[in-house]
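Reader: I am new to this structure, and I would like a close look at a single part of it before the wider picture. Please choose one place to begin, and go on from there step by step.

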Amino acid sequence: MELTLIKQFDNSFKLAYDSDLEKAKNIKPLKEIKCKITRPRNIRFHRKFFALMNLVYDNQEHYTNIDHLRKDLVKASGYYTKRITIDGEEITEAKSISFTKMTELEFSELYSAVLDSIEKYFHFDKESIKTEIEKNF
């Protein structure tokens, strides 16, 4: 079970979202529980990344699938793993950008590297892209 909590000034914790209330009801009062504390990634930044993907996708003609574009840009930015297929062929696969797989810092570095890849492969001006994303996001 995973809950999002907000630390209060009195050092207690409160549920951050109403959606966590049902989950919390499954914990018996005064029962000891063990928690792992992590800082969640910024969902707004995650959405900004996908707004960037949509902007590039809408302004190019090579890709007919936005997921292929995203994976290729992630790989071109250096975020990939290599593996050997059943046929013995070495292939690269884009690393996952899920919240559980990347820290906020790693995601920020990926975002910056993807901007560089967009500029390199699509010849879009990076500053214009940043301005457009900020304007529309």
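**From an exposed loop to the last helix**

Author: Asn-11 is exposed because its relative accessible area is 53%, where exposed means over 50%, buried under 20% and partly exposed in between, with a 1.4 Å probe and protein chains only. The model is a predicted one, in which local features need pLDDT of at least 70 and side-chain atom pairs count only at pLDDT 80 or more, while totals for chains, interfaces and linings use all residues. Residues are numbered from 1 along each chain as its sequence is written, and side-chain values use heavy atoms, with hydrogens and water left out.

Asn-11 sits in the loop that joins strand 1 (5-7) to strand 2 (13-15); helices (H or I, at least four residues) and strands (E, at least two) are DSSP runs, numbered from the N terminus. Although Asn-11 is not a glycine, its phi is positive, at about 75 degrees. A second residue other than glycine with a positive phi is Leu-30, where the value is near 65 degrees. Leu-30 also belongs to a loop, the one between helix 1 (21-24) and helix 2 (43-58), and with a relative accessible area of 91% Leu-30 counts as exposed.

Further along the chain, the loop between helix 2 and helix 3 holds Gln-60. Loop position does not go with exposure here, for Gln-60 has a relative accessibility of 11% and therefore counts as buried. The side chain of Gln-60 reaches the backbone nitrogen of Tyr-63 at 2.7 Å, which falls within the limit for a polar contact (a pair of N or O atoms within 3.5 Å; within protein, one must be able to donate a hydrogen and the other to accept it, and residues adjacent in sequence count only if both atoms are side-chain atoms).

Helix 3 covers residues 66-76 and includes Arg-70. Arg-70 is buried, because its relative accessibility is 14%. If the neighbours within four places in sequence are set aside, Arg-70 is in contact (heavy atoms within 4.5 Å) with Phe-49, Phe-50, Met-53 and Ile-97.

The part that deserves the closest look is helix 5, which spans residues 126-136 and contains Lys-135. Which residue of helix 5 is buried, with a relative accessible area of 5%? That residue is Ile-129, and its place is in helix 5. Apart from its neighbours within four places in sequence, Ile-129 is in contact with Leu-52, Leu-55, Leu-115, Ile-118 and Phe-124. One of these partners, Leu-52, is 77 residues away from Ile-129 in sequence, yet the two C-alpha atoms are 7.9 Å apart in space.

Glu-132 is also found in helix 5, and its relative accessible area of 28% makes it partly exposed. The side chains of Glu-132 and Lys-135 make a polar contact at 3.3 Å. Lys-135 itself counts as exposed, because its relative accessibility is 58%. Two longer separations help to place this helix: the C-alpha atoms of Lys-135 and Ser-77, which are 58 residues apart in sequence, lie 24 Å apart, and those of Glu-132 and Asp-18, with their positions 114 residues apart along the chain, are separated by 34 Å.

Stepping back, the protein has 5 helices and 4 strands, and from the N terminus on its elements run β-β-α-α-α-β-β-α-α. The radius of gyration is 20 Å, well over the 14 Å that the globule rule gives for 137 residues, so the protein is more spread out than a compact globule; the radius is taken over C-alpha atoms, and the rule is 2.2 Å times the number of residues to the power 0.38. Along the principal axes, the C-alpha atoms fill a box of roughly 60 × 45 × 25 Å.

Of the 137 residues, 23% count as buried. Among contacts between residues at least 6 apart in sequence, 46% join residues at least 24 apart. The accessible surface (Shrake-Rupley method, 1.4 Å probe) comes to about 10700 Å², and 50% of it belongs to carbon and sulfur atoms.
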